[in-house]
Each structure stands twice: as structure tokens, then as C-alpha cells.
Amino acid sequence: MKAQILATTAIAALLAGCATTTGETMDTVAEAETEAPAMPEATGYFAQMSDLPFHAPDFTKISEDDYIPAFEQGMAIQQAEVAAITSNPEAPTFDNTILALEKSGRMLSRVALVFYQLTGTHTNDNLDAINAEISPKLTAHSDSINLDPALFARVKAIYDNRAAMTMLPEDAILLENTYKDMVHAGALLTADQREQVKAINAELSTLTTDFGKAVREATNEQPLVVDAAEELAGLSDSEIAAAAKLAADKGYPGKFAIAMQNTTQQPLLPNLENRETREKMFKLSLNRSDGTNPEHDTRVLLAKIAALRAQKAELFGEPDWASYTMYDRMAKEPKTALDFMEQMVPALAATQRREAEVLNARIAEDGKNFSVQPWDWYRYANKVKAEQYAFDEDEAAQYFQLDKVLEDGVFYMAEKLYGLKFEKRDDIPVYHPDVTVYTVFEEDGSELGLFYFDPFQRPSKRGGAWMGNFVEQSHLWGTKPVVYNVLNIPKAAEGEVQLVSFDNVETIFHEFGHAAHGLFANQKYESLSGTNVARDFVEYPSQVFEMWAVYPEVLQNYAKHYETGETIPADLVEKMEAAGKWNEGYDFGEVVEAALLDMKWHSLSAAEAAAIDTPEEVDAFEEKALKELGLEIELVPPRYRSTYFNHIFSSPAGYSAGYYSYLWTQMLDHDSRQWFLDNGGLTRENGEHYRKTVLSVGGTKEYFQMYRDFAGREPTIEPLLEARGLIASSDGSADGTSDGRLPPQSTGE
């Protein structure tokens, strides 16, 4: 996913700017009565653009003491820039209002793009304290711009006269987005309502920052601790050695500790032979923030967040937060997203029950007298996979060496499709020794941008994987993209070859899909550039890139045995692909459950949300919401419980009412994979077509039209349902799930 660098502000567009350049005038705004204040002086590292290649941040020159002064100066400068717009006695034009707004906030954007990447990837107590101090100030600053009546009057005057103007398409979209975003922020509310919105935004900024910090601490500070190595039977010697080291580092000398990751299921869980250890690890993960350890309880925090969001939606006349926040999405309204997900539930529930029966039979074969539980599921699912499909995850991993996956897999694919070349840089400072930097070149040898790769898990990094920018592409500023990919791959012991699971291989390809989306940006304006697209569209290109991980030509180029150099055998690939269709009841089910849980929280009215204000009521709501789904939640819990659902509760907006995007974009993804295969697969012609119609378009076009430009037709859900085993064939549905058509509301027309 793309990092939400500026998530602490109401809308990032006003930090990056929104603009268009026509010089036509209107006389509908009265002459301002105040003079523009003097422009504050910019000092310190962030006062100017970096002098490194591509204006990449120079981490050798940045001190933690730089951030607060830079934030404060950046806000003061942007306030003066906006005051200059509103005090301009001339009638509003694109140049003196919209373009001037686009040009504002440059220093603030520079510091924020660096700071929020560090708080995600390599934070510490000092950075966390700065984040807690500055986040509410940034929210208030953004509100002061978005809710400035004088500024909105000028924007509205231009917007109301747009039919009489001649604009380029990108200009028109910028104008519309600027107006709609300000309206969405509250520009049309009464003065009293605007003050209420400001107060809610300020409180949400603090609460969501606190939630993210609490979840990170709950995850990092509660490792599984066991007394004896025997309790970790099934792990490798190096994994047990790493557990001993972590225990010593955490203050448990002589014991063994395994760090938790962000999701409910844990990577090492299937390997543990001791069922009591598995249960202990699973419950530790599941209950990390629910009051089992009161120090890490997030239930009251998340209840307040949900209630404030619903209260804010009510101020705008919307029934719930989902309706309010989906105004700029591809799906457009909650019903479309819910209908899309719910049509998959009957077959998914049947699959979960069917798979549980298979696992129970396999447990009985081992002479065990218990029914499958979540902490058993993956262990026995892997046994079934190994036996029925003769596929061994550990055997496959021997062909996936991290540097080869990246350079001989991802980079090879990028060259074949898009003509790209990559050159490793040793002269660009990085924020952590694990980070590698590459210059990306076009086929003609011209420089396209800069790519940072940060693959390994560490305590200072939040969980998950994401992409973001240090520098956004913009023709207005003449800047090229500086992008990064962040993952959380467990690091091999020193001296050992870094192998990765196939799941991590797919994640590497996925995140590079985001990077390509950012690298191919070709817009004048930053706020429309690259991955600045709708929440339920941004995951689409990255998911399409996963198809190339198993595309024969690409796979054979990078999947080499780390000892022998042998190319991965065709029969192992066949087994891997066949086995990949097993266990969809859990793999797909946990994501569907999380997405539906997200929509349940954000479909509450203000009164309903306000009634959930105790830890016990949070638990009761979550349990009821999950049971109503009709899925086997006792066996397949959601990928994230509410209490550690960072995607939806750790920023003022984030993925709230938007986690369905991962499913929605899978629909676009699988439909697009079929297009590539139907048109010759890995060819430069196909790559250029996809780049031209999707990857380089940014947010400059309506999303369904963008898809039609690529595929020549509307997207269909059928390939997704077939890939997930939820319909038997393209001719009909299984278990009454779907006829392959999208819900009528999602056409976007």
C-alpha cells in the first residue's frame, strides 16, 4: 500500500497544492480589506530543496532537532502565502488563486514527506514525541486553509464560472478537486459547524496518533516468551538462535522470544509442533490490544474515533462516516462496496466449512483428538498442501533469494515490459543501513527517478508493506519522482543467505507495482501525480504486478536455487500454482472479514456510535458485526481485529471505510491479468499500453473511463471469482454467489 505521509492533515492536496493556470478573471469576489503579512524567513535544512540528485533527502544533514522548527516555519510560510491570496485586491483568476495555492506549502511538504516516512520505518521515542506534538498542529493548520471563508469565496467564484472558461483536462480536474475537497472539508457549513469540524479534526488527530503508537507498542512489547527451546520445536536452528537473542534483548536471558507481526496470524505459527505454544502465540496476537494487558488496551480509543467520525459525518448531513468519506472513490457509495463483498459470502462460507472438514480429517489421521482451531489451521493446511499437492513452502523458498527476486525478477520484468534499467547507488545517504538505492533509467538512457528499497523487519518499523514518495513528480516544479518500497521480511541471521517465502516474493512485486505507478507519473500538478488516486484504485496496479512473479519467463530468470543455481523445476512451479488455490477459505476469508468489519464500524450513525463507549461495548459490537457476516469467524478470525486495525484507526482517514479496496482492486487486477494473457503477455507493446492508459495517468481521469481506455470494456468480477474458486466456471456461479456482473451502482456513470 502507499504510505499516508500527510495523513495527519485534513487533505494532503493543500500541502502539495492544487492548481490550474488559465488567466481568465471574474468579479464575483469583493476586494480584500487586509494586507498580506510579511513572508516569514525559511531557515534550516528544509528551507531549500536538497542539492542531491533528484532532490533526494540528505540524511547526513538532517537532525531530529530540525523537524519541529521546520514544521512550524513551513506552516507559518504557507499561512502567509494563503493570506497573500485572500488579500489580493484583484478579481480571482486561476493564476492568482488556484496556481498560487498550488505553489504554497513547499517547505511544509518537504519536511512532512521525510518525517512521516521515518516515523513509519525507523522511529524512536523522540520522533514519536514530535509526532504527538505536531500532528494536532498540522490538522489545525490544514483546517485553517480548508475552512478559510475568504479563500473558499475565491475558489468558488472560479468554480462557478468554469463553464465559460477554456481549460486543459488536467486544469479542469484540478479546479473540480480543489472545490470539492474544500466543500468536503466543510467550506459550505455554517461558521458554528466549521468550528465543530475543527474541534473534531483536532481530537481525531490526537486519538489516531495515539492509537497507532499504542498498537505498535502492543506489538513490539509483547513477544511470545517461552522457557525452553523444546517449546519451539519445528523452528530452524537459526530461528531458535534469533529467539534466544531477542529474549536477551527484551530482558529475558536464558529464555526464547518471538516478535509479533501486525496481522492476526503469525508467520512462524505453522512451524510450531507444540500445540500449546501455537495457542499461546495465536491468542497473544489476537488479544494484544483488547485489555488482556491493560497497558495496551485500545478499545476506548477506537470507540472515540468511530464516534467522532460519525459525528462529523452528521454535521455534513450524511448518515454515516462511510457515506461521507467515499465521495471521491471509484465505488462512490457504501452500498456498491457492500454489495460487491456480500455476493461472495455464501460460497466463501461454504469453502471455509469444507476446508475445516478436510483439516479435521487430517488431524484425525495424526491420531489427535481435537477439532481445528485458528492456531492449528495453517499448520494442517500446509500439511494438506504438501500431501495433496506435494508442495513444500520451505523447498520453494530455496529458489527465492531476496536480491535475485528484486534484481533478476522485478527489474527484469520492468525492463521487458517498460524498457527500464536500474543502477545501484552508493552515494545517496539512507536513513538505515538496510536501505538500498537505485537510479531508474528509461530505455533511451534518460533518468526517470530514484528508487529506495527497505525490505527488513525491525522494532523501529511499523508492520506491513507500503510505498511512498520523498519527492513527488511535477512538471510545474520540474521534479522527478523519488519513491520507496518498504517491507517487513524477517532478516536472516548474519552470514546466512537471505531467502524469502513466495508470499514475500508476491509482496515485493506488489509494492514495486506501486513504485512503477509513482515512477511513471507524468502530471503537471503534484496532487494529481502518480499514486494520488482514489483509495479503491490505488491498489489496482500493484496487484496486477503480482502476476509477473509466476510468469514463466520472469520466474525462470530469478528463481534459482541458492546453492546449486538450478532454475526452479517446472513440476515445483506447477505444484506451487495448484497449491495456491488451496486454503482460500482462510486466505481470502480473513481479508473479506476485515473489510466488512471496517464497513460495519463506519456505517454507524452518530447516535449508534456514541452508544459504544466502553471496552465491553466495543467487544460486543465487534462480535455481533462479525457473526452477522455469516462466515466461520471462530475458525477464521479477521486479518485484523478492531483493536489493532491500523489501516482504519491510526490516521484521521486512512483506509477507514476503504479496506474493501483490496478486494475491489483484485477484481480489476484479475480482469487485467486476463487482458495481458489474451494479448501476448510480457511484451513492450503491452507494457507501453498499460503505462499510457493507467500507470502514467495519475488522478487526471475518471476511473472507469481509465479502465475502459486500457481494456476496451467495463471490468467484470468473474475472473476474480474464478481465481478464488468462488464460481465453478465462467459460465455460471457456484453456491449462488454471482453471475459475474458488477452491482449496478458501480458503473460510475
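Begin by selecting helix 19 in this predicted model, and then bring up its surroundings, because the cover over its buried residues includes helix 17 (402–418), helix 18 (502–519), helix 26, helix 27 and helix 28. Helix 19 itself spans residues 535–545, and 11 of its 11 residues are buried, so the helix is largely enclosed by the rest of the structure. If you click along helix 19, the buried residues you will pass include Arg535, Asp536, Phe537, Val538 and Glu539, and among those further along are Tyr540, Pro541, Gln543 and Phe545.

Next, select helix 26, which covers residues 661–678, and find Thr665 within it. Is Thr665 buried or exposed? Thr665 counts as buried, since its relative accessibility is 0% and the cut-off for buried is under 20%. Show its partners as well: once neighbours within four places in sequence are left aside, Thr665 is in contact with Asp536, Phe537, Glu539, Tyr540 and Gln543, and these residues are listed among the buried ones of helix 19.

Keep helix 17 on screen and add helix 27, so that you can look at how the two pack: their axes lie 6 Å apart and meet at an angle of about 90°. That angle makes helix 17 roughly perpendicular to helix 27. To see the contact in detail, display Glu415, Lys416, Leu417 and Tyr418 from helix 17, together with Arg684, Gly687, Glu688, Tyr690, Arg691 and Leu695 from helix 27. Colouring these residues by type should give four nonpolar, one polar and five charged.

Now hide helix 17 and select helix 27 (residues 684–695) with helix 28 (residues 703–711), which pack at an angle of about 165° with their axes 9 Å apart. How do helix 27 and helix 28 run relative to each other? An angle over 145 degrees counts as roughly antiparallel, and helix 27 and helix 28 are therefore roughly antiparallel to each other. The crossing of helix 27 and helix 28 is right-handed. On the side of helix 27, the residues to display are His689, Tyr690, Thr693 and Val694, and on the side of helix 28 they meet Met706, Asp709 and Phe710. Sorted by type, the residues of this contact come out as four nonpolar, two polar and one charged.

For the next stop, go to helix 4, residues 106–121, and select Thr121. Thr121 is buried, with a relative accessible area of 0%. Without counting residues up to four places away in sequence, Thr121 touches Tyr431, Asp454, Arg458, Ser460, Lys461, Trp466 and Val486, so show these side by side with Thr121 to see what surrounds it.

Two loop residues are worth selecting as a pair. Lys332, in the loop between helix 12 (321–325) and helix 13 (334–342), has a positive phi of about 75° although it is not a glycine. Asn583, in the loop between helix 21 (570–579) and helix 22 (584–601), is likewise not a glycine and has a positive phi of about 80°. Turn on the surface to compare their settings: Lys332 is partly exposed, with a relative accessible area of 40%, whereas Asn583 counts as buried at 2% relative accessibility.

Finally, zoom out and colour the two domains, namely domain 1 (53–187) and domain 2 (213–287). Taken over C-alpha atoms, the centres of domain 1 and domain 2 are separated by 43 Å.

How values were computed:
Residues numbered from 1 in each chain as written. Predicted model: local features only at pLDDT ≥ 70, side-chain atom pairs only at ≥ 80, totals over all residues. Heavy atoms only, no water. Axes fitted to C-alpha atoms, helices over the stretch in contact; angles between N-to-C directions. Helix = DSSP H or I, 4+ residues; strand = E, 2+ residues; numbered from the N terminus. Parallel < 35°, antiparallel > 145°, perpendicular 65-115°, else oblique. Left-handed = near helix turned anticlockwise from the far one by under 90°. Contact = heavy atoms within 4.5 Å. Nonpolar A, V, L, I, M, F, W, Y, C, P; charged D, E, K, R; others polar. Buried < 20%, exposed > 50% of the residue type's maximum accessible area, 1.4 Å probe, protein only. Domains from an automatic or database assignment.
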